[in-house]
Amino acid sequence: MTPQNLLVIMSDEHSRKTLGCYGNPIVHTPHLDALAQRGTRFSDAYTTSPICVPARAAFAVGQYVHQIGFWDNADPYDGSIKSWHHLLRERGHQVTSIGKLHFRSTDEDNGFSEEILPMHVVEGKGDLIGLLRDPLAARGHARKLAATAGPGESTYTTYDRAIAAQAQVWLREKAQQYQEKPWVLFVSFVAPHFPLTAPPEHYYRYADQKLPMPKLHQRPDDQLHPYVRGYASCIDYGAYFEDDAHVHKALASYYGLCTFLDEQIGKVLGALRDAGLEQNTRVVYTSDHGDNLGSRGLWGKSTMYEESAGCPLIIAGEGLPQGKVVTEPVGHIDVFPFIFESTGEDATPLMGERPGISLKAFAEGAKPDRGLLVEYHATGSAAGAFALRKGKMKYVYYINLPAELYDLEADPEELTNVAQDPAYAVQLADCERTLRAICNPEDVERRAKGRQAELIERHGGREAIVQRGDFGNTPAPGEGARFY
C-alpha cells in the first residue's frame, strides 16, 4: 500500500450486532454503514478481552493479554511495553490521541506525541474491587445501569461531543502541519458504554418502536452456563430491570447511543473530507469489545458470547477493497501490523511474539490455519475464561467449569452447546490442542491471580478495597468518581 495518514476510531462497548452494515434492520448508523460500503468490513472480529482496560492495553501493544500481563481494570497499561504509538513516534510520525485511553495516567509515557482530552483510570488505580475474585465481591453499581436508562444527557455524551469537536479542529488546523511522514490520529469515544442515557432525539427514534426482546433475557436456569450464573451473582444488572417495558427502555437507550455515536463519527469523517484529507487517509473503526445487551439476562460485557467478545471492525481507504465483507475470523491483534503497513513502515522486525496478521492480508483473501484467542481474568469471574475461535467453531475453556463448544455456522446465536456431542468430538479435541498451543490456561490462571493478590496486598487488603467502594464507570475528565 502507498504510505498514507491513518485515522483510528474506537468506541466503547459497541456490539457489532447494532449496526446497519452488520445486518441490524432497526439501528440507524448511516455514517458507519457508508464507511463499510467504501471499505472492507470484518463480520467476525474479536477483542482480546471483553473488558476495557486489558482490551485497550492489548490493542496498543498488539499482543494477547496473557503475554502482556495487564489482566483487569485495576492493572492498566503504563507504557512499559512499547505500543504502536511508541514505535511510530520513534520513527518520526506524529501520533495524536483524542479521548478515552484508559491507561494508568498522563504521567506515564504512553507513546503519543500528544494526548488531548484523555480519560485514564480512577486515581491511577482503577477498579480495585474487581480484583476480588475468590470469593467474588458483589458490585454495588449494577442498580445504576437500570436506573439511568432513558432520554437525556450524561457527562459521557458531553465528553463525546467534545472529543468529536477536538478531532474536527485537529483535522482542520493541525493535520497539514505534518507533511514529512504520515500522521496517525486515534479518536476514542465512550458511547455506547453505560450510563444508558441517550440524547432525546436519538432515544425516541427507538422508544416509539416495538423492539424485539433479547434472547433468553428472562434467564432460564436450564439454559445458562454456570459461568453466567456466577457472573450474574456478582454483577446482576438484569435483576434491576423490573419488566419488559424497562428492558425496552434500556434497549432504546443503547440503540440511541449507537446512533449518537454514529453522528459524532460522521462529524469527524466529514471534517476529514472537508479538509481535503480523505483521499490520502485510511480509516479504521472498531470498539474495545461488545455488550451482552440483555441476552441471557446479562448487560455489560465480560462473557465469551458473540455479543460481548465480538466487536465491529471496518477499514477503508486507498488500496483496500470496497464493499467487501470478510468472514474469516480476525482480532484486534491483527490491527497492529496493519497500522504499520498502512503508514509505510515495515512491521516484520517488530512482530516477534506478536501473533497478528495484517488486516490487508485478510481483505485480499488470506485464510490462515490458526486459532484466535479471547481471554478474561477480571471482575465477575471466579476463574479464568478462554475462548478460541477456529473456522466455524468457537470453543470456550473455563478453569474448573464445563467447556462450551458452538458451531457458529449452524448455531450463530450460541443456543446449543455441543461440547458433549460425540458428533463434534474431533472439533473439540482440535480446538483444545490449538488453545494449548497458544497458552497453558492453568499457568495463565496462576499468573493472573498471583498478580491480583499482589495488587490486593498493595492496596491494603480485601477489607480496605471493599471500604473504598465501587463505581459504575470511569468518570469523564473533570468529573469525580462516585463510589457506592
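Buried here means under 20% relative accessible area, exposed over 50%, and partly exposed in between, with a 1.4 Å probe and protein chains only as cover. The model is predicted, so local features need pLDDT of at least 70 and side-chain atom pairs count only at pLDDT 80 or more, while totals for chains, interfaces and linings use all residues. Residues are numbered from 1 along each chain as its sequence is written, and side-chain values use heavy atoms, with hydrogens and water left out.

**Exercise 1. Describe the overall build of the protein chain, and decide which radius of gyration a compact globule with 484 residues would have.**

Begin with the secondary structure: the protein chain has 16 helices and 16 strands, where helices (H or I, at least four residues) and strands (E, at least two) are DSSP runs numbered from the N terminus. Next, take the radius of gyration over C-alpha atoms, with the globule rule of 2.2 Å times the number of residues to the power 0.38. For 484 residues a compact globule would have a value near 23 Å, and the protein chain, at 21 Å, agrees with this. Along its principal axes the C-alpha trace spans about 60 × 50 × 50 Å. Finally, 63% of the 484 residues count as buried, and, with contact meaning heavy atoms within 4.5 Å, 75% of the contacts between residues at least 6 apart in sequence join residues at least 24 apart.

**Exercise 2. Trace the pairing from strand 13 to strand 16, and determine how many residues of strand 14 are buried.**

Two strands pair if DSSP finds at least two bridges between them. Start at strand 13 (residues 372-376), which pairs with strand 14 in the antiparallel sense over 5 bridges; in this pairing Ala 385 of strand 14 is the bridge partner of Tyr 376. Strand 14 in turn pairs with strand 15 over 6 bridges, again in the antiparallel sense, and here Arg 389 stands opposite Lys 394 in strand 15. The hairpin of strand 14 and strand 15 leaves 2 residues between the strands, and Gly 391 takes a positive phi near 60°. Strand 15 (residues 393-398) is then joined by 5 bridges to strand 16 (residues 401-407), the two running antiparallel. On this other pairing, Lys 394 stands opposite Tyr 406 in strand 16. Strand 15 and strand 16 also form a hairpin with 2 residues between them, in whose turn Asn 400 has a positive phi of about 70°.

For the burial of strand 14, recall that in a regular strand the side chains alternate between the two faces of the sheet. On one side lie Ala 385, Ala 387 and Arg 389, on the other Phe 386, Leu 388 and Lys 390, and all of these are buried. Strand 14 (residues 385-390) therefore has 6 of its 6 residues buried and is largely enclosed by the rest of the structure.

**Exercise 3. Locate the cis peptide bond from Ala 191 to Pro 192 and the one from Phe 194 to Pro 195, then examine the positive phi of Arg 296 and of Ser 302.**

Most residues other than glycine have a negative phi, and most peptide bonds are trans. The bond from Ala 191 to Pro 192 is cis with omega near 0°, and Pro 192 lies in strand 7 (residues 184-192). The bond from Phe 194 to Pro 195 is cis with omega near 20°, and Pro 195 is placed in the loop between strand 7 and strand 8 (197-198).

Turning to phi, Arg 296 has a positive value of about 60° although it is not a glycine, and Arg 296 is found in the loop between strand 9 (281-287) and helix 10 (306-309). Ser 302, also not a glycine, has a positive phi of about 75° and is placed in the loop between strand 9 and helix 10. Arg 296 is buried, with a relative accessible area of 2%, and Ser 302 counts as buried at 2% relative accessibility.
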